[in-house]
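Reader: I would like to learn how to read a protein model step by step. Could we take one feature at a time, beginning with a single residue?

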Amino acid sequence: MSEPLSARIGGEMATLSNCFATALTMVEPSSADKTNAPLAHSSVRDVLTGANSLKAWGLSPVLIGSYKRDVSIRRVKDVDVFCRMQTIDSSVSGQDVLAAFFKVLDSEYGRDDSGAPRVRRQARSLQVSFPEYDGLYVDAVPARPRGDGYWEIPKKDSDDWQSTNPEKLTDLKTAMNATMDGMYVPTVKLLRQARREILDSRPGGLFVEVALYDACLRGQVQWDSQAHAFVTGLNAIADYLHDKVTWGRELPDPTMPGHNASFRATELQWEKARDRFRAAADTAGQAYLEEDLGVAALGYRSVLGANADDDIVFPMPAGYDEAGTKKSFAGPITAGERMVPAGDRRFG
């Protein structure tokens, strides 16, 4: 593993606070996302709760997932609806529930204008596409209660059920964000953006979130600035992935004490994630220690890349061009001057 970043810090760092603030606006879900996601969620919820064939199961859907937790990034591709069945009989299998949900949803949504089915049955959920909302889709996940306060969802390729507790993650997010003085949620978003930029395969964004949460519990993340939180969070995830590939270290499931979190990824995908995150963490770490703000910004930019609209996420600080070079000024600054030299980097 790499030397801890804290051991290499000396003097002022390239925090570039204004640039990070702008970067966060660039990864924020668009106004269209914020309009379409609740509309799609409400549509699926109303169809399921209005179906007579499902009434006996006491259906009470609730929004979950990254959109619910306010950690999704542009653009929002999916919305998760946790379909709690309060009164379902324990004899009903997960596969029977999926079949019943599919029948109701397929009857309502049918096919899109191209003739493709809008409802697709998955291993544990039903996916409903909304072409009218720029390809957004909703995952409807059936769930039945357990006696210990957790929930169970259908198990892949089986009549059995598996335990889960997704609503708890929202509570944990809120508490951690308060502990980190509001820095946790934006750090999750920036790290999700970095994952999207450097990794084109699994593990997904939820892995990044859970890994960051675990790193925060372990005291590996510093939040005296957004830059420091981002860099130390990225480094902690890279260190975890090293351990995961080397000796199989697991991540605890924060929503169910005593259980480990599970993420879909092959051995090769974990190895790829290890290499990509380590390279990104080293690049961001060097940017944080860099004295030249233009060079530092280029480092952060290479890790965060472009958003879903193909817009560069991380801007150059005031007084620097897009190549990271400080602009020159011919003569004294006068009142009203549009371009001024870069000032103290603490305010970049």
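Author: Let us begin with Met180, which counts as buried because its relative accessibility is 0%; buried means under 20% relative accessible area, exposed means over 50%, and partly exposed lies in between, with a 1.4 Å probe and protein chains only. Before going further, please keep in mind that this is a predicted model, in which local features need pLDDT of at least 70 and side-chain atom pairs count only at pLDDT 80 or more, while totals for chains, interfaces and linings use all residues. Residues are numbered from 1 along each chain as its sequence is written, and side-chain values use heavy atoms, with hydrogens and water left out.

Reader: Where is the place of Met180, and with which residues is Met180 in contact, leaving aside its neighbours within four places in sequence?

Author: Helices (H or I, at least four residues) and strands (E, at least two) are DSSP runs, numbered from the N terminus, and Met180 sits in the loop between helix H5 (166–179) and helix H6 (184–198). Contact means heavy atoms within 4.5 Å, and once the neighbours within four places in sequence are set aside, Met180 is in contact with Cys216, Val221 and Trp223. Of these partners, Cys216 is 36 residues away from Met180 in sequence, and the C-alpha atoms of the two are 8.9 Å apart in space.

Reader: How many helices and strands are there in the protein, and what percentage of its residues is buried?

Author: The protein has ten helices and seven strands, and 50% of its 348 residues are buried. Its C-alpha atoms fill a box of roughly 80 × 45 × 35 Å, taken along the principal axes. Among the contacts with a separation of 6 or more, 65% are made by residues 24 or more positions apart.

Reader: How should I read the pairing of strands, and in which sense do S1 and S2 pair?

Author: Two strands pair if DSSP finds at least two bridges between them, and strand S1 (residues 59–64) pairs with S2 in the antiparallel sense over six bridges. Within this pair, Leu59 stands opposite Met85 in S2. On another side of the bookkeeping, S2 and S5 run parallel and are joined by seven bridges, with Arg84 opposite Ala143 in S5. Both S1 and S2 can also be read for cover: five of the six residues of S1 are buried, and seven of the eight residues of S2 are buried.

Reader: Which strands form a hairpin with five residues between them?

Author: That hairpin is formed by S5 and S6, and Gly149 in its turn has a positive phi of about 95°. Strand S5 (residues 136–145) and strand S6 (residues 151–154) pair in the antiparallel sense over two bridges, and Trp151 in S6 is the bridge partner of Pro145. S6 is also joined by four bridges to strand S7 (residues 161–164), and these two run antiparallel. Here the bridge partner of Ile153 is Gln162 in S7, and in the hairpin of S6 and S7, with six residues between the strands, Asp157 takes a positive phi near 55°.

Reader: Is Glu152, which lies in strand S6, buried or exposed?

Author: Glu152 counts as buried, because its relative accessibility is 12%. A polar contact is a pair of N or O atoms within 3.5 Å; within protein, one must be able to donate a hydrogen and the other to accept it, and residues adjacent in sequence count only if both atoms are side-chain atoms. The side chain of Glu152 makes such a contact of 2.7 Å with the side chain of Arg144, and another of 3.5 Å with the side chain of Arg146. Beyond its neighbours within four places in sequence, Glu152 is in contact with several residues, including Pro142, Trp161 and Ser163.

Reader: And what can be said of Asp89, with its relative accessible area of 45%?

Author: Asp89 is partly exposed, because its relative accessible area is 45%, and its place is in the loop between strand S2 (78–85) and helix H4 (94–109). Its side chain makes a polar contact of 2.5 Å with the side chain of Ser91. Asp89 and Tyr133 are 44 residues apart in sequence, and their C-alpha atoms are 36 Å apart in space.
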